[in-house]
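Hi,

Here is the structure I promised to pass on to you. Have a look at it first, and then read on for what turned up when I went through it.

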2 protein chains.
Amino acid sequence: MINAQLKMYVRDYSTPGRIQDAMLYSIEAGGKRVRPILLLATAKAFGASEEKALAVACSLEMIHTYSLIHDDLPAMDDDDLRRGMPTNHRKFDEATAILAGDALLTLSSLIIAEDSHLTDQERVFLIRELSKASGAKGMVGGQMQDMLSENTEVSLEQLENIHRNKTGQLLRFSIIAGAYVGNSTEESLEEMTRMGEALGLIFQIQDDILDVTGDAEVIGKPIGSDEGNAKSTYPKLLGLEGAKRQKERYVQEAQDALRKAGVDQTILSELIDYLSSRDH
Amino acid sequence: MINAQLKMYVRDYSTPGRIQDAMLYSIEAGGKRVRPILLLATAKAFGASEEKALAVACSLEMIHTYSLIHDDLPAMDDDDLRRGMPTNHRKFDEATAILAGDALLTLSSLIIAEDSHLTDQERVFLIRELSKASGAKGMVGGQMQDMLSENTEVSLEQLENIHRNKTGQLLRFSIIAGAYVGNSTEESLEEMTRMGEALGLIFQIQDDILDVTGDAEVIGKPIGSDEGNAKSTYPKLLGLEGAKRQKERYVQEAQDALRKAGVDQTILSELIDYLSSRDH
């Protein structure tokens, strides 16, 4: 459902040609769709209809996709492959990849602003929170911090701060947005925010662990690339076992927050376990 | 007023450090502020308070600024200078310039979504129209078309189509947004849209003319750079005199639309003349 809707949006809001091809290429490159799935699952747990959540779920995935396109650029991480396929700038060229990213970022606001299942108040809330989560004090700021921290000694506190911004805030948004469109109470929203924050760190720690223990074939990128990039990671700072224990603490916190939020826990509880033990 | 507000927004919505420095660098690099001035002047012509128009005027200028940062990148126009100063990626580096552009684009939605002088309905309208004007069917799409058309034969119709998207839609938005926050009638909004479209073409034709006849010192970039880039321009397609006549036709159309819109014409009429005869 998410994949179909994403493609429809890109086709509707761009003109056939190179920019559309480049947008579709990265949108169709797949990925786990973790963020939109979390958003839809949270909305469902709060009893919202899928219709209320689908546009913002796609908007969130567009933000994630644009950030991958730009992060892969030669001036940034300089990656040739993403999920086993050529990165956008390798498939097209750098100029096209920059513009396709810009276009997806711009489109992410437009589809929320135009979604007929949301009220104006809901649209404004969702655009505002998503912009905060993805901007200079969120994802983009975290990416900048991350690049500046390469080849430097980083404390655990600094590392967590980077991850809270770079990957945490979008994951947190997926939970908050789902609860919001499900008319969550203030108290529930607070617990879900705590869960979303823990989930962001679980996700990142598992990413770091997979870079040490994972299977390159399954992950779709070489193992040990963090080592090569001189990147700070949880296993480097805490050891592999320490990283796993840290992850387990956040799993407990996420499950605890979920229980206290007082919603149907079935799917979300499973998703926490899945994200903490995923092999890619 | 625009300059002070732009700086305040960037400071408020980013964390001190490299990303903020890079955002401020390009925001403070100046420029004529044509788009926000047109927006404020139109709002004034419709009797709106400056307060109603200032956030969206700054949002629009942020979009314009991000597009310049990305367009200047080596993979795009590869410019070292902008307004006589090092371009963002020359002052910082490419990665920082990409991220600073992304951050400004993201911030442009946020400041409209958070502006307390606008209703939710107004915020949604402005975010939607600005996203349309600057996305894959607007500015970004036009930039892609422009790059694809380099070194090819382009008809006058194709050239105008590129400019309508690449530069025209943001200028058009400045007029529409100003009229909208001034509670324009449907009929007035239609005439103002026609004026905005003509104004976009006037602006572009004058840009092309200045590239032939201008003073490099005044413009802040070398004369004849379009020639070197093998770019299609109005003077190339119509001759210098033909380009001037074409511009004059659009000036007449813009003034005519302005008269029919039935608003205070004083400032806007002068702005049309200024933009058509500007020397930089």
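Let me begin at the contact between the two chains, where R128(B) and E114(A) form a salt bridge, with N and O 3.8 Å apart. Please keep in mind throughout that this is a predicted model. The interface of chain A and chain B has four salt bridges in total, and five residue pairs there are in polar contact. On the chain A side, helices α2, α4 (50-72), α6, α7 (120-134) and α8 each supply at least two residues to the surface that touches chain B. Of these, α6(A) gives the most, with 13 residues. Sorted by class, that side of chain A has 21 nonpolar, eleven polar and ten charged residues.

How much area is buried between chain A and chain B? About 3700 Å², and carbon and sulfur atoms give 76% of it. In chain A, the residues that lose the most area to chain B are L99(A), T106(A) and M144(A), which together make up 15% of what that side buries. Counted by contacts, 42 residues of chain A touch 42 residues of chain B.

Those matching counts lead on to the symmetry. A turn of 180° with a shift of 0.0 Å along the axis lays chain A on chain B with an RMSD of 0.0 Å. This is the relation of a two-fold axis. Within chain A, D120(A) has the C-alpha nearest the axis, at 2.8 Å from it. The copies meet through the same surface, because 100% of the interface residues of chain A are also interface residues in chain B.

Next, the salt bridges more widely. Side chains of opposite charge can pair when their charged atoms come close. Over all chains the count is 42 salt bridges, and three in chain A seem worth a look on your screen.

- R18(A) and D93(A): their side chains meet in a salt bridge with an N to O distance of 2.9 Å. This pair links distant parts of the chain, 75 residues apart, with R18(A) in helix α2 (residues 18-28) and D93(A) in the loop between α5 (88-91) and α6 (94-114). R18(A) has a relative accessible area of 27%, so it counts as partly exposed. D93(A) is also partly exposed, because its relative accessibility is 30%.

- D146(A) and K166(A): the closest N and O atoms of this salt bridge are 2.7 Å apart. The pair again links distant parts of the chain, 20 residues apart, joining helix α8 (residues 139-149), which holds D146(A), to helix α9 (residues 156-181), which holds K166(A). Both D146(A) and K166(A) are buried.

- D256(A) and R259(A): here the N to O distance of the salt bridge is 3.9 Å. Both residues lie in helix α13 (residues 234-261) of chain A, three residues apart, or about one turn of the helix. R259(A) is partly exposed at 46% relative accessibility. The two belong to a network of salt bridges with shared partners, which joins E191(A), R194(A), E253(A), D256(A), R259(A) and K260(A).

Then there are two arginines in chain A whose backbone you may want to check. R33(A) has a positive phi of about 55°, although it is not a glycine. R33(A) sits in the loop between α2 and α3 (34-45). Is R33(A) buried or exposed? With a relative accessibility of 8%, where the cut-off is under 20%, R33(A) counts as buried. R83(A) likewise is not a glycine and has a positive phi, of about 50°. R83(A) is in the loop between β1 (81-82) and β2 (85-86) of chain A, and with a relative accessible area of 31% it is partly exposed.

Finally, a serine in chain B. S232(B) is in the loop between α12 (225-228) and α13 (234-261) of that chain. At a relative accessible area of 19%, S232(B) is buried, given that the cut-off is under 20%. Which residues does S232(B) contact, leaving aside its neighbours within four places in sequence? They are T152(B), V154(B) and L159(B).

Happy to talk any of this over once you have had a look.

Best wishes

Terms used
Residues numbered from 1 in each chain as written. Chains lettered and ligands numbered in written order. Predicted model: local features only at pLDDT ≥ 70, side-chain atom pairs only at ≥ 80, totals over all residues. Heavy atoms only, no water. Helix = DSSP H or I, 4+ residues; strand = E, 2+ residues; numbered from the N terminus. Buried < 20%, exposed > 50% of the residue type's maximum accessible area, 1.4 Å probe, protein only. Contact = heavy atoms within 4.5 Å. Buried area = accessible area lost by both parts, 1.4 Å probe. Polar contact = N/O pair within 3.5 Å; in protein donor to acceptor, adjacent residues only side chain to side chain. Nonpolar A, V, L, I, M, F, W, Y, C, P; charged D, E, K, R; others polar. Least-squares fit on C-alpha atoms with pLDDT ≥ 70 in both.
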